[in-house]
Amino acid sequence: MRDPVAVRPPIAESWRRSRDAGVDIGVEAAPLVYERGALADARDVHPLQPHLPMLEALLRRVADETEHLMVITDADGHVLWTQGPPAARRAADAIGLTEGFRWAEDAVGTNGIGTAIATGRPEYVYASEHLAHVLHRWSCAGAPIVDPDSARVVGCIDVSATVAALHPATVALVAAAARLAESRLENEMLVRDERLRERLLPHLRGLGPAGLLVTATGRVLAAGAAGLRGLRLAPPEPGGTVPLPDGRVAVAEPLGEAFLLRSADRVGARVVPERGAPAAVRPAAGDGPLLTLSLLGDGQPHALLDGRRFDLTLRHAEILALLALHPRGLSGDRLSLYLYGDDGSPATVRPEIHRLRQQFGDIVRARPYRLGCAVEADFLTVRRLLDDGDAGAVVRVYGGELLPRSDAPAIRAERDELAVRVRRQVLDRGGAETLWAYAQTEPGRADLEALERLRAVLPAGDPRRAAVASRSDRLLSGEL
């Protein structure tokens, strides 16, 4: 046992965490978690990858001139990139301080990478402050990188060397590099925010001070009331409630990549019966109604009209999907062809349009058939995200195939195209988390190629590997 009086409090706390995790002081090296192919995939999808040249340029001179090693990891301490002179790299290879190895505290004990990730602040660890004896000839300084969108650690920058102590400026250097990386991530986030505001602000204006536009991570992008923009709320769930700082409760309405929060006492407040049809509803004129369609996956298709939910029959969901795909409208002949194929006729369509008008009022228009309001739809959001090439965002929205029970020719064609594009982008650009999310969707559960890719890229020791391996084996044996 070491004398706890002799160590700094952050080190003593790290030793306690490491021992609670069962780390052996005799561990000889960090564990390997990524083989070469999986490592390449992990690098390609990491948010720091576009900023690697900047980080390398900033730290290269220090690494080369001082025989130090620069290390960049992901949020779990998996080493993705290293840089340094040959002598430093050879020494690092002996302890697994190189690409593909894991440096979390629960793997090798107290160290500049794992301890910085665990505390969320820059840390330095000198020589015998390391828990593992094999690291006593090393000193290191690490700083975590926090994603400004989610407020979660996404990686760590570390400088390590076989010296008794690093120069004090090394800690300041890695901290500055981490802040610079965070500023780059923030700039990217602000560009995304502005794009969302431009597209979605019209939906917020009709709510007055009672509405908010919020990201999926809970950041307030815009608000009708002063003083709320920039705050962070609890991440919303579709149809769920979110407590607001002033004590109100808001209902979350999905708008693709973002959410519109409406005060719970105002949900549906602008929806009134249509004249001559007591069962119908119609937003008050001039209020700019918003129709939100949720049609992906095998759950109940439904629509939200200014926050009020309407469950949809399959036929009505098909019609609304087709009208959303064709904002300029469809003739009766064209709509019947898309719904029924060559056997359809406008006479078959007219009763369904009449029933939709009874439900939604005069937002369902004729000559041509179209939607006379702003429309957001989950499948249209997936289309947009596919065009942007953001596989992670695609999978977050893609809950499954478009109206999987539909036999309408045009819906089948759209469903198949969307499914193929999603799958291709996930396989080509998705890392472990994106592949795992896809594997939880209905098409992903039976996708052997996606499961095998996921099995290869999940780090060794990840508990999800066993579940993926079991499902892959059952698919291969014909049990699923």
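**Helix H1 and the H11–H13 pair**

In this predicted model, the buried residues of helix H1 are covered by elements that include helix H5 (105-108), helix H6 (112-119) and strand S3 (123-126). The buried residues in question are Ile-11, Ser-14, Trp-15 and Ser-18. These residues lie on the same side of H1, because the arc they cover around the axis is only 105°. The opposite picture appears on the face of H1 turned away from that buried side, where Pro-9 and Asp-20 are exposed.

The helix itself is a good place for a newcomer to begin. H1 runs over residues 9-20, 12 residues in total, and spans 17 Å from its first C-alpha to its last. That reach is close to the 16 Å expected at 1.5 Å a residue. Just after H1 comes Gly-22, whose phi is positive, at about 85°.

A second part of the model worth a visit is a pair of helices further along the chain, H11 (residues 378-388) and H13 (residues 409-429). Their axes are 11 Å apart, and the two helices pack at an angle of about 40°. H11 is therefore oblique to H13, and the crossing between them is left-handed. On the H11 side, the residues that meet H13 are Phe-379, Val-382, Arg-383, Leu-385, Leu-386 and Asp-387. Their partners in H13 are Glu-414, Leu-418, Arg-421, Val-422 and Gln-425.

Notes. Residues numbered from 1 in each chain as written. Predicted model: local features only at pLDDT ≥ 70, side-chain atom pairs only at ≥ 80, totals over all residues. Heavy atoms only, no water. Helix = DSSP H or I, 4+ residues; strand = E, 2+ residues; numbered from the N terminus. Expected span 1.5 Å × (residues − 1). Buried < 20%, exposed > 50% of the residue type's maximum accessible area, 1.4 Å probe, protein only. Arc of directions from axis to C-beta. Contact = heavy atoms within 4.5 Å. Axes fitted to C-alpha atoms, helices over the stretch in contact; angles between N-to-C directions. Parallel < 35°, antiparallel > 145°, perpendicular 65-115°, else oblique. Left-handed = near helix turned anticlockwise from the far one by under 90°.
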